[in-house]
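I opened this entry to record what I looked up in the structure shown below. The notes go from chain totals to helix packing.

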Amino acid sequence: MAVGLLKKALPRLGLAVPAWPGVRCMTSRLYGTAAAQTQIHQPDNSVGSDKILTEPLKHPDFFRLSELFSLKDLFDARVHLGHKIGCRHRLMEQYLFGCRLEQDILDLDQTMEHLQQALNFTAHVAYRRGIILFVSRNRQFTHLIESMARDCGEYAHCRYWQGGLLTNANVQYGKGVRLPDLIVFLSTLNNVFQQHVAVRDAAKMNIPTVGIVDSNCNPSLLTYPVPGNDDSGPAVELYCKLFRMTINRAKDKRKQMEILYGLKSQND
Amino acid sequence: MSKMAASSGRVLLKSFVQGCCGCYSVILPSIARNVILQKPAVTVLARLVCTSSTLQRKNIAAAGPEKYTQEFIKKQIEEFNIGKRHLANMMGEDPETFTQEGIDRAIAYLFPSGLFEKRARPVMKHPDEIFPKQRAVQWGEDGRPFHFLFYTGKQSYYSLMHDTFGKFLDIYKYQYGMRAEGLFSQDTKQVNLIGSRWMIKEELEEILVQPISDHDCLRFIQLLERILALPYCSIEEEYIQRFRRALEVQSKKQKIEPLQYDENEVAFSIGEGRRKTATATATVRDNGSGNITVNGVDYLLYFPVLQDREQLMFPFQFLDRLGKHDMECKVTGGGRSAQAGAIRLATARALLSFITENEVESMRQAGLLTPDPRVKERQKPGQEGARRKFTWNKR
């Protein structure tokens, strides 16, 4: 199941061989080469590197992320609280548990499943050394999210989104820039309560997205929507903690696997 | 047969496109027949083809300013150093101690140029000064950018904002801790802001090595002001002082000549002044009785009008030294009023040597030391005078 999802969402990352010490090749999403195949060099120990990539795909929860959070944690962090019914988005009705005193309550069972899938996907991307970009336009949590991104070794963009950052990347950054392989939205709305431009741009550039959708957000363009509260402090802190732990786990696991299979192939 | 073909035919021509005229060589490979070789022999024939950018439909300007690679710059630096030694040998000087001024003199001697525009003349400088600084590549071999805020576009500015806000949060937490322990007090050491100003946009751009907008600069200053509003801001005082620049003290700019003494041990001082094509040189002597001589003539005769004489006396009157100094001056050019103004400025400058710093500052604020910049405005074509237009006729 994980293999199918991964191959559907990231065909190129699934097929190409990643950077292995001693082999230089770009397996990244380069701007303007959406359909082009990148060079594939035959590595010295192909068996080991294949194992490293295919092994995690055989298990549904290779990184054991279900032990990171429980329903009670989500409830205590007030993840289930949505906005008032006047702000409700039509497409979010499927994720609602109900409404109490005109405030929408999100279904935490569905949230658990979606969060599990989203974290699993993030872990796999981080395992394969993808670039993860955290986006949020909620000014309350800018500092928190940027610090979290820096601690993980990933990237953050919680500031004003200039027009062509993804779609006009060659001009904005320079030639040969590598675009993010995953964009994580900790809040899909911008300061004017409209959908963030990055959601649409990521869909245009075939970049998979994970997003926390509140009851006033549009979940349609996101690859892995996670219904949940995006305005409360404890909720966003919980998400930051979860993403940070996932990414660190994935990277540590990668190092372990490299050592393990590196030793194995040397022994063979 | 095959070996002959291989050696004679192997010619490689690099293809390149230069500026507006593009010339490239067309390489036509022809594989020799009936050849059994480990590597295939390719004979190349080249034909020079010249085109222009319009034919190739290339917008050269849209590519942006030319980018120079690190190797190119290094090569240029090597060539510059070798050329410097050659130049020193040519001029007969020691190559080891050949400075930039020597290079400039040598170039001016070897390539004399009569061009008015200094920037069009031949120049030989270190490549770092000629080629504009390029931003180093922001990402590593695997494509991952170095800075965690790279994808924002303005990484150094936002990183600065992030750090500054981090300081704000630290102070806030400290304040919270003090409140919790009950040691909170409003009267704490405040940051000294007197005599300094906030940095301007240009200075900030210099620090960040990245262009920013006025709005960004304003936001940053607002954040710093917010930090200063907290009671315990003195914790991060040195961080804040990094973004303040000292204001220049205006009075220190005045050049005060030292007092000179003539044969009779009398102190005197000389000052020069200009006003509207009149130049004056004034000598103010101490231990005098208020005699003023202009061009060898008494001031009463030279300036019959009271207004001009008042202008002469104003510096002395301002310093309450009316009858204490003698003044002798020479003045040329201008008219009656201009000469009076020139002498006034010259006298004020001469008197600077006799008085204290506070009096200098008060004189500066009174306007005695400021040269009057007003000169006669030129007449423009199509008008009768500087401002007066010709009489307007309806028909």
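I began with the contacts in chain A that have a separation of 6 or more: residues 24 or more positions apart account for 67% of them. I am working from a predicted model.

For the make-up of chain A, I counted nine helices and eight strands. I then looked up burial: 53% of the 268 residues of chain A count as buried. The exposed area of chain A comes to about 12,500 Å², and carbon and sulfur atoms supply 52% of that area.

Next entry, helix H8 of chain A. I took H8(A) as residues 197-204 and asked which of its residues are buried. The lookup gave A:Ala198, A:Val199, A:Asp201 and A:Ala202. I also checked what covers these buried residues, and the cover includes two strands of chain A, S6 (182-185) and S7 (209-213). Past the helix I noted A:Asn206, which follows H8(A) and has a positive phi, near 60°.

Next entry, a helix pair in chain A. I looked up H5 (residues 108-127) and H9 (residues 233-267), whose axes come within 8 Å and cross at roughly 40°. How are H5(A) and H9(A) oriented to each other? An angle of roughly 40° is outside the under 35 degrees that counts as roughly parallel, and H5(A) and H9(A) are therefore oblique to each other. I logged the crossing of H5(A) and H9(A) as right-handed.

I then listed the residues that meet. From H5(A) they are A:Leu115, A:Leu119, A:Thr122, A:Ala123, A:Ala126 and A:Tyr127. On the H9(A) side I noted A:Leu242, A:Phe243, A:Thr246, A:Ile247, A:Ala250, A:Lys251, A:Lys253, A:Arg254 and A:Met257. Sorted by class, the contact of H5(A) with H9(A) has ten nonpolar, two polar and three charged residues.

Last entry, a helix pair in chain B. I looked up H11 (residues 306-318) and H12 (residues 336-351), which pack at an angle of about 10° with their axes 8 Å apart. H11(B) and H12(B) are therefore roughly parallel to each other. H11(B) makes the contact through B:Gln307, B:Asp308, B:Gln311, B:Leu312, B:Phe314, B:Pro315 and B:Phe316. H12(B) contributes B:Arg336, B:Ser337, B:Ala340, B:Ile343, B:Arg344, B:Thr347, B:Ala348 and B:Leu351. By class, I recorded eight nonpolar, four polar and three charged residues for the contact of H11(B) with H12(B).

Definitions and conventions: Residues are numbered from 1 along each chain as its sequence is written. Chains are lettered from A and ligands numbered from 1 in the order in which they are written. This is a predicted model: local features need pLDDT of at least 70, side-chain atom pairs count only at pLDDT 80 or more; totals for chains, interfaces and linings use all residues. Side-chain values use heavy atoms; hydrogens and water are left out. Buried means under 20% relative accessible area, exposed over 50%, partly exposed in between (1.4 Å probe, protein chains only). Helices (H or I, at least four residues) and strands (E, at least two) are DSSP runs, numbered from the N terminus. Contact means heavy atoms within 4.5 Å. Axes are lines fitted to C-alpha atoms, for helices over the stretch in contact, and angles run from 0 to 180 degrees between N-to-C directions. Angles under 35 degrees count as roughly parallel, over 145 as roughly antiparallel, 65 to 115 as roughly perpendicular and the rest as oblique. Ala, Val, Leu, Ile, Met, Phe, Trp, Tyr, Cys and Pro count as nonpolar, Asp, Glu, Lys and Arg as charged, and the others, Gly among them, as polar. A crossing is left-handed if the near helix is turned anticlockwise from the far one by less than a right angle, and right-handed if clockwise. Accessible areas come from the Shrake-Rupley method with a 1.4 Å probe; for residues, only the protein chains shown count as cover.
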